[in-house]
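Trainee: Could you take a close look at one part of this model with me? I would like to see how its helices pack and where its two chains meet, in one connected walk-through.

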Amino acid sequence: MKLSRIPQQVIPLTIIFALAIVALVAARQMLVPESFGKYGHYRADAVEEVASHDISYAGIQVCNDCHDDIVEVKQESYHRGLSCEVCHGPANNHAEAPDEYTPGAPRGRGYCPLCHGYNPSRPVGFPQILPKMHNPGKACMTCHNPHAPTLPHAPEECSACHREIASTKMVSHHTTVDCRTCHTVPKDHWSDPRAVHAEKPTDRSTCGQCHATGADSPKIIPRIDIETHGGRYLCWDCHYPHHPEATL
Amino acid sequence: MPFTLISLLHLLTITAESHGFSGYMYPNEYELQWGLLIVVYPYLTGLVAGAFILASLERVFKVSALRPIYRLSLLSALAFMIIAPLPLLAHLGHPERCLEMFLTPHTKSAMAMFGFVYAWYLSVVLLLEIWFDYRENIVRWSNEKRGIKKWFYKALSLGATSVSPESIKFDHKMGKIITIIGIPSAFLLHGYVGFIFGSIKANPWWSSVLIPIVFLFSAIVSGIALMLLIYMITTMFRWKQISMACLNKLGELLFYAIMIDFSLELLDFIHRLYESEESISILSEMISNRLFVSLIVAQIIMGTLVPMVSLGIARFGRLPDELRRIVYFIAALLVQVGIFSTRWNVVIGGQLFSKSLRGLTVYKMELFGLEGLFMTILFLIAPILILFVLTKILPPWPSDEKAVIRDTEKVVTAK
């Protein structure tokens with residue numbers, strides 16, 4: 001084809017697109033690292049670079065080799081699944097030269113709440129506290145041994161494990177009602193909560209203690225006819241007992 | 001602006017909530033990872049695709065009533081296209097790294113292929129089509145203007161200065177071919193955005209094969225409504241006569257597009273209800289609680305049903321032109337609110353419920369900062385400013401505007 005027969009518009013456009021493609025190819029040549037794509041969609045040299053970094057963490061096996069007395073205690077506790085360096089920080093230096101370096105240990109009140117501060121997404125029964133209210137000013141280690149954190153005596157308040165319910169109840173009219181008013185709590189539930197469960201109310205009489213027409217309770221408490229109110233439903237089908245003002 | 005309205009409504013809803021989240025959330029689900037900027041991204045790309053598809057109706061399908069807004073649609077598509085990827089870059093941080101997508105293309109990642117989808121659409125479709133369409137004018141302006149403007153237009157003509165009948169015929173032919181390539185490309189651009197969401201199989205709110213198609217039709221709806229607004233506003237500020245034939249055609253197309261879009265969304269909704277997968281109860285709770293304002297009120301009632309009914313009455317009823325124009329304008333404005341809510345409901349809604357299907361969280365919008373409300377306002381105003389500059393460089397209005405409008409009215413009446 002003669003060059004003169006090619007429409008004039010095509011020539012500059014072809015040049016621009018050709019230049020763009022050449023620029024892309026040249027940029028690839030210059031900028032893409034040589035080792036890119038050797039193992040996958042990344043720079044293969046990065047693997048060696050990362051491997052050449054100084055090792056910071058020794059790993060639980062190395063700790064266990066020397067500190068078997070602590071391992072023994074920890075193995076029996078709820079902290080058995082935790083690696084030592086979670087709390088003590090990277091300890092490879094210490095493993096290599098035990099006398100020269102001593103790993104740190106969090107001794108204040110700031111560290112434990114990272115796991116044990118109240119957070120509603122944590123499972124029921126997972127010990128959670130409100131750091132500002134839980135023995136303020138005292139270091140956690142004063143009462144809890146971090147390697148075996150369970151106290152020798154059972155928790156004194158239900159909120160130690162049932163924090164979400166306690167927090168909800170706290171803002172409701174039921175805030176002053178003790179948990180045991182409605183729940184029967186066997187003594188062993190305090191020490192072995194998963195094996196022995198607290199009992200929940202099964203009929204209307206529990207709520208009737210305070211809310212029935214003839215109940216012996218302060219006049220300010222709302223009353224209903226406990227026999228007929230709500231038809232065949234139980235109280236908690238409509239009212240959430242830990243926050244009865246809330247609508248379901 | 002639609003987003004401000006929605007945001008305000010949401011702020012009110014959030015304030016009305018007594019607490020941030022309910023039920024059980026995994027710890028990494030408290031905060032939403034994709035915020036307002038990711039809402040803006042599909043909204044803007046939808047406008048691009050919609051405006052381009054509208055332009056192609058005139059070019060390929062010979063819808064002559066749309067002649068007055070053909071060029072304006074192309075420039076609008078370009079203006080919104082320039083800004084469309086910026087919300088993503090602002091969200092990700094390190095904007096310079098976006099070039100890595102071109103240097104080391106990752107063909108197995110839909111997100112990483114965006115660079116190519118974008119580059120194709122911007123350079124091969126939009127810029128080329130605009131260049132071929134304007135070339136004759138650019139050459140003329142390069143001869144008529146003086147000083148810097150003359151050299152600017154000379155540079156813009158890329159040296160192709162021939163205005164012989166053969167050359168102009170070639171421009172038209174190329175323009176048509178590019179538009180034909182452009183239609184599937186526009187479908188690809190916005191279908192792709194829907195594909196990104198639809199292919200996230202772990203999220204029951206997003207994972208649906210219908211999502212790309214719903215996105216596409218909502219893009220067409222938003223594009224038509226945008227052009228209706230831009231056409232009316234620009235004509236008003238230039239003190240020119242508006243073409244009722246063009247407006248009526250836009251109103252009609254908008255009416256049909258909303259009907260199809262609404263039917264598809266309804267189909268998706270009914271399909272989900274009928275399937276009743278395990279996620280249905282948390283999704284129902286989310287719709288009736290967290291998304292009530294933005295989905296039921298803003299998207300369905302204000303953004304779809306009200307405009308659909310009012311457009312139907314305005315287009316096919318016997319209304320005076322003045323009233324009709326007002327109805328079109330308000331309907332198009334409501335459609336923008338509705339489509340923005342659609343994007344909001346997809347992006348934000350998909351992150352409001354826990355993957356445990358047992359809890360709901362709340363989106364707390366920032367005001368300042370890279371992902372905040374003010375940044376979003378900036379991204380939504382920027383295309384309008386770019387469009388203003390583009391219309392100064394490449395005026396989309398014919399010099400004999402009155403004659404064009406007269407001809408359009410005549411052709412439409414003759415049909």
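Mentor: Happily! Chain A of this predicted model has 13 helices and 0 strands, so the pattern read along its sequence is α-α-α-α-α-α-α-α-α-α-α-α-α. Its radius of gyration is 33 Å, well over the 18 Å that the globule rule gives for 248 residues, so chain A is more spread out than a compact globule. You can see this on screen in the C-alpha trace of chain A, which spans about 110 × 70 × 35 Å along its principal axes. Buried residues account for 8% of the 248 residues in chain A. As for contacts between residues at least 6 apart in the sequence of chain A, 46% of them join residues at least 24 apart.

Now let us go to the place where the chains touch. Here 13 residues of chain A are in contact with 16 residues of chain B. On the chain A side, the residues that touch chain B divide into 7 nonpolar, 5 polar and 1 charged. A good residue to click on is A:Pro12, which sits in helix α1 (residues 10-31) of chain A. Leaving aside residues up to four places away in sequence, A:Pro12 touches B:Leu158, B:Gly159 and B:Ala160. Is A:Pro12 buried or exposed? A:Pro12 counts as partly exposed, because it has 14 C-beta neighbours inside 10 Å, and a buried residue would need 20 or more.

One of those partners deserves a look of its own. B:Leu158 is found in the loop between α7 (147-156) and α8 of chain B. The phi of B:Leu158 is near 55°, a positive value in a residue other than glycine. B:Leu158 has 17 C-beta neighbours inside 10 Å and so counts as partly exposed. Chain A has a residue to set beside it: A:Asn135 has a positive phi of about 40° although it is not a glycine. A:Asn135 also belongs to a loop, the one between α7 (113-116) and α8 (140-143) of chain A. With 12 other C-beta atoms within 10 Å, A:Asn135 is exposed, because the cut-off for that class is 12 or fewer.

From the loop that holds B:Leu158, we can move on to the helices of chain B. Helix α8 (residues 165-198) and helix α9 (residues 210-237) of chain B pack at an angle of about 135°, with their axes 7 Å apart. The two helices α8(B) and α9(B) are therefore oblique to each other, and their crossing is right-handed. From α8(B) come B:Phe187, B:His190, B:Gly191, B:Val193, B:Gly194, B:Phe195, B:Phe197 and B:Gly198, which meet B:Ile211, B:Pro212, B:Val214, B:Phe215, B:Leu216 and B:Ala219 of α9(B). Sorted by class, this contact of α8(B) with α9(B) has 10 nonpolar, 4 polar and no charged residues.

Follow α9(B) and you will meet another partner, helix α3 (residues 70-83) of chain B. The axes of α3(B) and α9(B) come within 10 Å and cross at roughly 115°. That makes α3(B) and α9(B) roughly perpendicular to each other, and α3(B) passes α9(B) in a right-handed crossing. The residues in contact are B:Leu72, B:Ser73 and B:Ser76 on α3(B), and B:Leu226, B:Met227, B:Ile230 and B:Tyr231 on α9(B). By class, the contact of α3(B) with α9(B) has 5 nonpolar, 2 polar and no charged residues.

Helix α3(B) in turn leads to helix α2 (residues 36-59) of chain B: the axes of α2(B) and α3(B) come within 8 Å and cross at roughly 160°. The pair is therefore roughly antiparallel, and the crossing of α2(B) and α3(B) is left-handed. Among the residues of α2(B) in this contact are B:Leu44, B:Leu47, B:Val48, B:Glu58 and B:Arg59, while those of α3(B) include B:Tyr70, B:Ser73, B:Ser76 and B:Phe80. By class, the contact of α2(B) with α3(B) has 13 nonpolar, 2 polar and 2 charged residues. As a last stop, try selecting B:Ser73 and B:Ser76: they belong to the contact of α3(B) with α9(B), and they also meet α2(B).

Technical notes
Residues numbered from 1 in each chain as written. Chains lettered and ligands numbered in written order. Predicted model: local features only at pLDDT ≥ 70, side-chain atom pairs only at ≥ 80, totals over all residues. Helix = DSSP H or I, 4+ residues; strand = E, 2+ residues; numbered from the N terminus. Contact = placed C-beta atoms within 7 Å. Rg over C-alpha atoms; globule rule 2.2 N^0.38 Å. Nonpolar A, V, L, I, M, F, W, Y, C, P; charged D, E, K, R; others polar. Axes fitted to C-alpha atoms, helices over the stretch in contact; angles between N-to-C directions. Parallel < 35°, antiparallel > 145°, perpendicular 65-115°, else oblique. Left-handed = near helix turned anticlockwise from the far one by under 90°.
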